[in-house]
Every structure is written in structure tokens, then in C-alpha cells.
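Grab your favourite viewer and work through these exercises one at a time. Each task comes with a solution in steps.

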Amino acid sequence: MPELFDSIKVSAAGMHAQGERILVISENIANADSLGTTPGGAPYRRKVISFKNTLNRELGIHEVEVKSIRPDMSAFGEKFMPTHPAANDQGYVLLPNVNSLFEMMDMRQAQRSYEANLNAITISKSMIERTLDIIR
């Protein structure tokens, strides 16, 4: 039965990691229209999250953890807006490197992964309850 408790811990770690992913995606979506405020100033830069597999030596199980949250160094877009405070000498404003459609797809994938981990916890919990019922 300890394996069932371990499976709950592994799934909980997965839920935590996906929760962090959803937070990063939410920040990206919220700032998709955040432009610079000074001439030639940089707009919001998209953030990306990466994960790593770590060994929980105390329990002897592998868990997922957030490895890093770092800026996406892809190029900014440009739009001609000569009256905007962030316009450069040529009248162009840099646009955030956030693609809202991509972020929504990524959010949906994170949500499904979160739900899969939640279902695994529910199944493990049910198996523990059934085992205890048999013992009684």
C-alpha cells in the first residue's frame, strides 16, 4: 500500500508543476498587449517554463519539478504607431512576443495534464479506501 501513497505524491508534484505552468501562461496572456513606455522601449517579453525530473531520495520516487522560468528571447514584432510614447525614431513600436492563440493551446494542455494527475490521485485514493474496507 505504500506504493499507492507514493503515486499520490508523484501526481501531486505533477499538479504543482502544471499549476506553475498555468501561472506563467496567465501572466503571458495578461501582458500580451503591454507595450514599452519610453521611445524604443522594450515591451513585455514572454516567459517560458521548463521542467526537470528529480529523484526524491527520501521516498525513492521520481517527481517533476519546475527547472526554470526564463524569458523567451524570440524577436519582438513591430507596428507603425508614430504617436505612441514607445515609438522609435522611425515611428515603430515594438510588440510583445506573445501569441495569444499559442498561449491558449498551451493552457489547455496544462489543464489536461493537471486533470490527469487529479484523476490519478482520485483512483489511488479509491484503491486505498477499498483496501482498508477489505482489511476491516
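**Exercise 1: the aromatic pair**

Task: Find how many aromatic pairs the structure holds, and work out which geometry the rings adopt.

Solution. Start with the count: there is one aromatic pair in the structure, where rings of Phe, Tyr and Trp (its six-membered ring) pair if their centres lie within 6.5 Å, with planes under 30 degrees apart called stacked, over 60 edge-to-face and the rest tilted. Next, the geometry: Phe 80 and Tyr 92 sit 5.4 Å centre to centre with 65° between the planes, which makes the pair edge-to-face. Now place the partners: Phe 80 is in strand 3 and Tyr 92 in strand 4 (residues 92-95), so the pair links distant parts of the chain, 12 residues apart. Helices (H or I, at least four residues) and strands (E, at least two) are DSSP runs here, numbered from the N terminus. Finally, Tyr 92 has a relative accessible area of 35%, so the residue is partly exposed; buried means under 20%, exposed over 50%, and partly exposed in between (1.4 Å probe, protein chains only).

Before you go on, a note on the model: it is predicted, so local features need pLDDT of at least 70 and side-chain atom pairs pLDDT 80 or more, while totals for chains, interfaces and linings use all residues. Residues are numbered from 1 along each chain as its sequence is written, and side-chain values use heavy atoms, with hydrogens and water left out.

**Exercise 2: a neighbour in strand 3**

Task: Decide whether Glu 78 is buried or exposed, and list what it contacts beyond its sequence neighbours.

Solution. First locate Glu 78: it belongs to strand 3 (residues 77-80). Its relative accessible area is 52%, so Glu 78 is exposed. Then, setting aside residues within four places in sequence, Glu 78 is in contact (heavy atoms within 4.5 Å) with Tyr 92, Val 93, Leu 94 and Leu 95. As a distance check, Glu 78 and Ser 26 are 52 residues apart in sequence and 23 Å apart in space, C-alpha to C-alpha.

**Exercise 3: between the helices**

Task: Find what Gln 18 and Asn 117 touch away from their own stretch of sequence.

Solution. Take Gln 18, found in helix 1 (residues 2-30). At 9% relative accessibility, Gln 18 is buried. Its contacts, leaving out neighbours within four places, are Phe 51, Ala 110, Ser 113 and Tyr 114. Move on to Asn 117 in helix 2 (residues 100-135), which is also buried, at 17%. Asn 117 touches Ser 11, Gly 14 and Met 15, again not counting residues up to four places away. For Gly 14, the C-alpha separation from Asn 117 is 6.4 Å, although the two are 103 residues apart in sequence.

**Exercise 4: the whole chain**

Task: Work out how the elements are ordered along the chain and how spread out the chain is.

Solution. Count first: two helices and four strands. Along the sequence they run α-β-β-β-β-α. The radius of gyration (over C-alpha atoms) is 22 Å, well over the 14 Å from the globule rule (2.2 Å times the number of residues to the power 0.38) for 136 residues, so the chain is more spread out than a compact globule. Its C-alpha atoms fill a box of roughly 80 × 25 × 15 Å along the principal axes. To finish, buried residues make up 30% of the 136 residues.
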